Amino acid sequence: MDVKTIIEKMTLEEKAAFCAGKDFWHLGGIEEFHIPETMVTDGPHGLRKQAREADHLGLNESVKAVCFPAGCALACSFDPELAREMGAELGKLAQAEDVSVVLGPAMNIKRSPLCGRNFEYYSEDPLLSARMAAGAVKGTQSQDVGTSPKHFLANNQEYYRMSSNSVVDEQTMREIYLASFEEMVKEAKPWTIMCSYNRVNGTYACENQEYLTDVLRDEWGFDGYVMTDWGALDDPVESLKAGLDLGMPGPMPDNAKRIVDAVKDGSLDEGVIDTAVERILNIVLKYVENHKKDAAYDFEAGHETARRIETESAVLLKNEDGILPLQEKENVLFIGEYAKKPRYQGGGSSHINPWKISSVWDEIGTMEHVSWTQGYTDSSRDHNGEAYLREAVELAKKADKAVIFCGLPEIYETEGVDRKKLDMPENQNTLIRAVSEVQPNTIVVLHNGSAVTMPWIDSVKAVLELYLGGEASGLAAADLLYGKANPSGRLAETFPLRLEDTPTYPYYGVEKDDIPYREGRLVGYRYYNTVRKPVLYPFGHGLSYTTFGYADLRLDKIEMTDGDELTVTVDVTNTGKTAGKEVVQLYVQNPSLHEVRPLRELRGFRKIFLEPGETKKVEFRLRKRAFAEWNPSMHDWFVPAGCYHIEICANAQEVLLEV
Ligand code: BGC
């Protein structure tokens with residue numbers, strides 16, 4: 001029976017109840033038409049399937065699942081193909097666990113490094129964010145399981161996340177916050193979208209017709225269903241009218257009744273609810289008809305994939321004198337709790353019950369020349385801080401090299417709470433300083449979900465940023481530290497020198513009702529570059545154990561109109577002795593006209609593998625949008641006439657070649 005016929009046979013009450021969810025994680029079934037209840041569950045970097053008595057804070061245990069690198073790490077791979085692979089793993093486990101939609105990817109823009117949920121999100125740059133998300137969506141959906149990219153829209157802080165009002169001008173909204181979703185929606189066609197708790201320019205995201213209908217559906221062609229974030233529904237009738245389809249979690253008998261009453265008193269057209277039911281049913285049937293009942297999940301293979309993804313995502317931030325990779329014959333002292341108990345995921349609704357956790361010590365602890373000491377503790381109840389520190393310093397004096405595993409404790413970054421500072425715990429900073437004073441070959445390995453300050457940066461030789469690298473992050477760390485793998489991650493966000501330098505510093509986390517996005521489009525590197533502010537490490541930065549040379553940047557035309565396509569090619573050569581991957585980054589430098597426009601913007605990137613001595617020609621095709629800005633008077637994309645520089649860059653600040 002087709003969906004329209006089913007809807008014709010449903011009563012108004014049944015339809016209203018269907019749009020209000022069945023329970024915490026389920027949509028209702030329709031027995032008469034043999035449509036079963038279907039489950040949706042978190043995401044985004046592993047499956048968090050809880051038993052029926054669910055609580056979304058993650059207090060109840062969920063099924064074992066492979067915990068993949070969180071969005072903060074994955075994005076640094078600059079490789080949408082890896083995101084696709086990770087998405088496919090999620091889809092496979094979802095099939096085995098009979099989950100119809102995985103709630104993710106989480107893809108809000110990192111407007112401030114203080115956002116408590118940045119560890120789940122990808123980037124400060126909308127192009128990178130959209131492309132990584134598109135990969136993840138395609139991967140999961142390739143397994144006939146839906147996705148729910150979230151949280152639509154302008155949900156960039158945790159402070160008062162359920163009620164705050166993001167006040168964003170039209171141009172900023174289009175170029176930064178909508179752009180992060182746009183290419184993903186158009187390219188990857190997600191089955192659903194999750195709208196956020198907050199208000200957007202005065203109207204709750206769930207009731208916002210402009211974004212849910214005019215932009216998402218009419219402009220971008222989204223044809224799935226929109227569901228609320230958990231508990232975000234305020235007015236069920238207004239939401240339906242605006243383009244929302246499903247309120248979660250269920251059951252919401254009061255909401256269903258309000259919908260029925262509204263149809264009866266003529267304030268809601270029954271056709272609106274029919275449309276919502278149709279959109280939901282289309283997706284439910286797409287899942288049910290393709291559900292693989294005997295699907296089984298290969299956890300060992302998933303763990304290996306998690307390891308590979310993290311290996312390609314970790315970012316080598318500093319490597320003075322080629323101190324890394326370590327040699328097996330060197331006496332290396334490993335310091336820190338995270339070497340044995342890595343911090344590999346964040347807190348909140350994305351908290352995975354990991355299948356197994358591999359630490360770096362599991363991998364290298366049996367090697368002949370390595371030793372370990374505690375160094376610090378991230379438990380506030382442990383009073384041995386001084387003793388740990390003294391022991392670490394004494395042992396470090398005798399080693400050839402010291403590797404300190406440190407970062408942010410979980411309570412520092414979690415859903416629902418923003419950070420107050422960018423600093424790591426003082427006991428860790430003190431430890432790094434003390435060890436590097438006696439040991440010139442000190443290496444720091446970081447575990448954190450967002451940028452941190454590094455007051456000790458000049459006294460250490462190397463820094464490897466693992467981010468929150470998933471359950472196999474220790475294996476990836478071992479491979480990278482000992483040179484079995486060559487680092488190829490690049491920062492998907494800027495690391496500022498100090499909190500005071502960040503674009504939103506004066507007002508982020510201060511206001512709780514109206515949140516004006518005063519910095520406009522100058523988010524992340526767009527700000528630091530434009531106002532010429534030095535940073536600790538720029539967006540796009542990352543080192544390798546080999547070197548790359550760039551030559552022969554060519555454009556197929558140097559004059560064009562906004563209807564033309566520009567082909568750009570550049571030759572990239574591995575000029576070192578180690579095979580490795582390079583992220584080729586193309587930015588467009590905008591003409592300096594009368595108004596403030598970001599100095600340069602990422603318009604293309606490609607990750608390539610090169611053997612030593614090998615050269616590859618990399619091609620980019622740029623269309624209108626690579627040059628356009630949103631014109632608020634025209635309400636459209638517009639390319640101001642002028643001279644644009646095509647730049648191939650090492651990162652957002654360092655231009656290698658330009659035309
Ligand atoms: C989070 C969502 C999550 C949902 C269900 C909400 O609190 O914001 O990202 O998908 O809970 O757990």
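This report describes two sheets, three helices and one loop residue in a predicted model.

**The six-stranded sheet**

Strands pair through backbone hydrogen bonds, in either a parallel or an antiparallel way. One open sheet in this model has six strands in the order E11-E17-E16-E15-E12-E14, and its pairing is mixed. Strand E11 (315–319) and strand E14 (370–373) are the edge strands; each has a single partner strand, so one side of each has no neighbour in the sheet. On average, neighbouring strands here are turned by 15 degrees against each other, direction ignored.

Within this sheet, strand E12 (residues 332–335) pairs with strand E15 (residues 401–407) in the parallel sense, over four bridges. Leucine 333 stands opposite alanine 402 in E15.

**The four-stranded sheet**

A second open sheet is made of four strands in the order E9-E8-E6-E18, also with mixed pairing. Its edges are strand E9 (203–204) and strand E18 (514–516); because each has a single partner strand, one side of each is left without a neighbour in the sheet. Strand E6 (residues 165–167) pairs with strand E8 (residues 199–200) in the parallel sense over two bridges. Asparagine 165 has arginine 199 in E8 as its bridge partner.

The two parallel pairs are set side by side below.

| Strand pair | Sense | Bridges | Facing residues |
|---|---|---|---|
| E12 (residues 332–335) and E15 (residues 401–407) | parallel | four bridges | leucine 333 and alanine 402 |
| E6 (residues 165–167) and E8 (residues 199–200) | parallel | two bridges | asparagine 165 and arginine 199 |

**Helix H15**

Which strands does helix H15 lie across? Helix H15 (residues 473–481) lies across E12, E15, strand E16 (442–447) and strand E17 (462–465), and runs at about 150 degrees to E15. Nine of its nine residues are buried, so H15 is largely enclosed by the rest of the structure. Among them are Ser473, Gly474, Asp479 and Leu481. The buried residues of H15 pack against helix H11 (299–313), helix H12 (360–364) and the strands E12, E15, E16 and E17. Just after H15, glycine 483 has a positive phi of about 75 degrees.

**Helices H13 and H14**

Helix H14 (residues 426–438) has 13 residues. From its first C-alpha to its last, H14 reaches 19 Å, close to the 18 Å expected at 1.5 Å a residue. Its buried residues include Gln428, Asn429, Leu431, Ile432 and Ala434. The buried residues of H14 pack against E12, E15, E16 and helix H13 (385–398).

Two packed helices are described by the angle and the distance between their axes. How do the axes of H13 and H14 cross, and within what distance do they come? The two axes come within 8 Å and cross at roughly 25 degrees. H13 and H14 are therefore roughly parallel to each other, and H13 passes H14 in a right-handed crossing. On the H13 side, Leu389, Ala392, Val393, Ala396 and Lys397 take part in the contact. They meet Thr430, Leu431, Ala434, Val435 and Val438 in H14.

**Threonine 502**

Threonine 502 is in the loop between H15 and E18. Is this residue buried or exposed? Threonine 502 has 3% relative accessibility, so it counts as buried. Leaving aside residues up to four places away in sequence, threonine 502 touches Pro113, Pro496, Tyr527 and Tyr528. Valine 523 is 21 residues from threonine 502 in sequence, and their C-alpha atoms are 9.0 Å apart in space.

Definitions and conventions
Residues numbered from 1 in each chain as written. Predicted model: local features only at pLDDT ≥ 70, side-chain atom pairs only at ≥ 80, totals over all residues. Heavy atoms only, no water. Pairing = 2+ DSSP bridges. Axes fitted to C-alpha atoms, helices over the stretch in contact; angles between N-to-C directions. Contact = heavy atoms within 4.5 Å. Buried < 20%, exposed > 50% of the residue type's maximum accessible area, 1.4 Å probe, protein only. Expected span 1.5 Å × (residues − 1). Parallel < 35°, antiparallel > 145°, perpendicular 65-115°, else oblique. Left-handed = near helix turned anticlockwise from the far one by under 90°.
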